Structure formats: C-alpha cells, structure tokens
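Me: I'm new to reading protein models, and I'd like to take a close look at one part of this one. Could you walk me through it in a friendly way?

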Amino acid sequence: FLPAVITGFLLTAIPNWTDRTPIRGNELLSLWALWLAGRVVMAVPFLSPLLSSLIDGAFLVVVAGLAWREIIAGKSWPQAPIGVLVSLYACANVLFHVWTLNSSETDRAERMGLALVLVLLSLIGGRVTPNFTRDFLAEQGRAEQPAPFSRFDGLSVVLVGIAAVFWIVQPQALMTGLLWVAAGLLNLVRLMRWYGWLTWREPLVLTMHVSFAWVVLALLVMGGAILGVGLPITDAIHALTTGAVGAMTLAVMTRASLGHTGRPKHAGPLTVCIYLLVNVGALLRVFGPSLDSSHLVLGLAAMSWSSAYLLFALIYGPFLLRPSLDD
C-alpha cells in the first residue's frame, strides 16, 4: 500500500513543481490498473513468484519514468533530485523482489525504501508547505512570510539523506541515531520558520504544517529508538508511515484535487474530518502500543486511519471522475 500512497503524493505534487498538466484520464487509469495488478498477483498464491515480482516491480519503474518525463518535458532540471530519489525508490522495490526470489534477507531493501520516502517528504514537503503558506498569508494581507528555501533548508535535507544512508547500512549504530536526531532538530527549525500557526483559519494549509511536523517527529523518534530513548523502533517507524506519509499525502491530494477540478481551495467540514481521522489513527498507532498492549488500540488506529482514505475516496472520487468546473 505504501508505494500507492507515495505515488498519490508524487502525482498530485508534480504540477506544483513542473507547471505542467497533471497526469489524468486513460494514462492515470492505466497506472492505477498496473498498481492493482501488482496487488492481485502478490495475493494469489498459485502464480509464479517471478511473474508476480515482475508485475509488482513494474509499477514503481513506470512511476519513475513518468516523473522523469515531466521533469524533462517541463525543463524542470532543479527537480532532477526528485527523479533520482523516485528512481532509487523503484530500485529498492526491485531489490526486495530479487532478494525474496533468492530467499535472502530483505530488511536492507525495506529500510532503503523507507529512508528514501523520508528524504522525499523532507524535500518535496519542505517546498510545497512554505509555498502554500506564502500564498495563503498573502491572500490574508499578512506581512509575515515563510523563509524562502535557502542553504539551511538544503543542509537539512542533505542531513536527512546522510542519516538515511547510515540507517540503510548500519541501522543500530550510535552515529545513525545521532544523525536522525540532528536531522530532526534542523527540520524542526525549518518548520518554525514557516509561520504555520498563522494558518489556523484554513485547515487546507494548516494540515501541511501538521504533516511536516510528523516528518520531524519521525526523525526524532527513530533516532531516539536507536539510542534507546523513547519508543521502540517498530512504533517509531510508524511515525513515518502512518503519520508523515499518511497525513502529508492526504494534505497534498485534497488541495490538488480541489485545484485541478476548479473548486475553491478551502477545506470543508468533511475534509477536516479526513485530516482528523488520519492524524488520530497515526497517533494511536505510534503511541498506543506503549500505553495499552491490547489489540483494541491497534484496531482503533487502523479503523481511524483507513476511514480517512475511504472518506477521501467517497468525497473526492466524484470530483475527479467528472469534468473540471473550469472546463
């Protein structure tokens, strides 16, 4: 499921950094069909493992190809690092299947995939969040403006990348934990420079800051887990997957869906409910097991988190299936 969520985040973010028309229509339907085929073949036990691996592995390879196509066609060369990261993410999935077919350990490929997701979120999320905030504050006539992307932001992203490499190679090393914590602190400073507290009147923007706060939390708790402080590593990783990935994907998809269908960029009550559900689900999954060892908390977390995506499909699905109001 994680590749599909990350793909949704990427495809809705692409127009914001290439100024091109979003992927849509038959092309988007074909991409969804390829993803669905991968899920089906992985679930059917009597199919050839090689065939299942080829079909599932093809999905992210195609996504990487689409990302490079948009970068090249839009001449968005400053966004080339995103294409590199998506390509490496596809490679991590291919490695996972190759090692599985060879009956080898797959933990390094799994860490590679998760680490690349974290770098992508710190890079793309760290771009779109202040950009959306800048637009909102300008509309409100506020003098405060988020700090523009600078060398400090670049250093913060690079440090996340360095910590990611250490985690892939030496997941339990002291230096790995220290690097995760250092990256978390730098990105916390980034977040504070964007004036997120001034966006409380518009949840569509505020949720971007909450989502990036999950990125910061993921960095800190993963580092703390390695250093033996706070949460165990299994729960800390969920701060990335259910928290940062889950919340930021919905934040970007709701905004992009409204914009691409010609609707006002405003979060109504049901959209706010989506944000609440995904964040409550993430909080329960990350911190619940430490407070209550029963399966009730995990069940509530799964129900809340999944309901957020179901509600998104029910509300925004009809918007995306009909012609844009701008057409």
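Which residue just after H4 takes a positive phi? Please start there and then show me the surroundings.

Reply: Happy to! Keep in mind as we go that this is a predicted model. The residue you are after is Ser 103, which takes a positive phi of about 60° just after H4.

Let's see where that residue sits. Ser 103 belongs to the loop that links helix H4, residues 80–101, to H5. Its relative accessibility is 70%, so Ser 103 counts as exposed, the cut-off for that word being over 50%. The phi value is worth a second glance, since Ser 103 is a residue other than glycine. Most residues other than glycine have a negative phi.

Now step back into the helix that comes before this loop. H4 has 22 residues, and at 1.5 Å a residue they should span 32 Å. The C-alpha atoms at its two ends are 32 Å apart, so the expected span and the model agree. Several residues of H4 are buried, including Ala 80, Ile 82, Gly 83, Leu 85 and Val 86. Further along H4, Tyr 89, Asn 93 and His 97 are also among the buried residues.

On the other side of the loop comes H5, which covers residues 107–139. Two of its residues make good landmarks. Ser 122 is found in H5, and its relative accessible area is 0%, so it is buried. Leaving out residues up to four places away in sequence, Ser 122 touches Val 157, Val 160, Asn 187, Arg 190 and Phe 212. The second landmark, Gly 126, is in H5 too. With 2% relative accessibility, Gly 126 counts as buried, because the limit for that word is under 20%. With the same close-in-sequence residues left out, Gly 126 touches Leu 121, Arg 190, Trp 194 and Phe 212. For a sense of distance, take Gly 126 and Gly 57: they are 69 residues apart along the chain, and their C-alpha atoms are separated by 28 Å.

Did you spot a name that appears in both contact lists? Arg 190 touches Ser 122 and Gly 126. Arg 190 lies in helix H7, and it is buried, with a relative accessible area of 0%. Beyond the two H5 residues, Arg 190 touches Phe 149, Phe 152, Asp 153, Ser 156, Val 157 and Phe 212, again not counting residues up to four places away in sequence.

Some of those partners lead us to helix H6, residues 151–169. Asp 153, Ser 156 and Val 157 are among the buried residues of H6, and so are Val 160, Ala 163, Trp 167 and Ile 168. What covers the buried residues of H6 includes H5, H7 (174–192), H8 (203–227) and H9 (233–260). You can check the length of H6 just as we did for H4: its 19 residues should span 27 Å at 1.5 Å a residue, and its end C-alpha atoms are 27 Å apart, which agrees.

H7 also offers a contrast to Arg 190. Leu 178 lies in H7, but it is partly exposed, with a relative accessible area of 42%. Leu 178 and Val 117 are 61 residues apart in sequence, and their C-alpha atoms are 20 Å apart in space.

After H7 there is another positive phi to find. Tyr 195 lies in the loop between H7 and H8, and its phi is near 55°, a positive value in a residue other than glycine. At 28% relative accessibility, Tyr 195 counts as partly exposed, while Ser 103 counts as exposed.

Finally, let's place all this in the whole chain. The protein chain has 11 helices and 0 strands. Its radius of gyration is 19 Å, close to the 20 Å that the globule rule gives for 327 residues, so the chain is as compact as a globular protein of that length. Along its principal axes, the C-alpha trace spans about 60 × 45 × 45 Å. Buried residues make up 49% of the chain. Among contacts between residues at least 6 apart in sequence, 75% join residues at least 24 apart. The chain exposes about 15200 Å², and carbon and sulfur atoms supply 70% of that area. As for charges, there are 19 positive and 16 negative side chains, and the centres of the two sets lie 5 Å apart.

Technical notes:
Residues are numbered from 1 along each chain as its sequence is written. This is a predicted model: local features need pLDDT of at least 70, side-chain atom pairs count only at pLDDT 80 or more; totals for chains, interfaces and linings use all residues. Side-chain values use heavy atoms; hydrogens and water are left out. Helices (H or I, at least four residues) and strands (E, at least two) are DSSP runs, numbered from the N terminus. The radius of gyration is taken over C-alpha atoms; the globule rule is 2.2 Å times the number of residues to the power 0.38. Buried means under 20% relative accessible area, exposed over 50%, partly exposed in between (1.4 Å probe, protein chains only). Contact means heavy atoms within 4.5 Å. Accessible areas come from the Shrake-Rupley method with a 1.4 Å probe; for residues, only the protein chains shown count as cover. Lys and Arg count as positive and Asp and Glu as negative; His and the chain ends are not counted. The place of a charge is taken as NZ of Lys, CZ of Arg, CG of Asp or CD of Glu. The expected span of a helix is 1.5 Å times one less than its number of residues.
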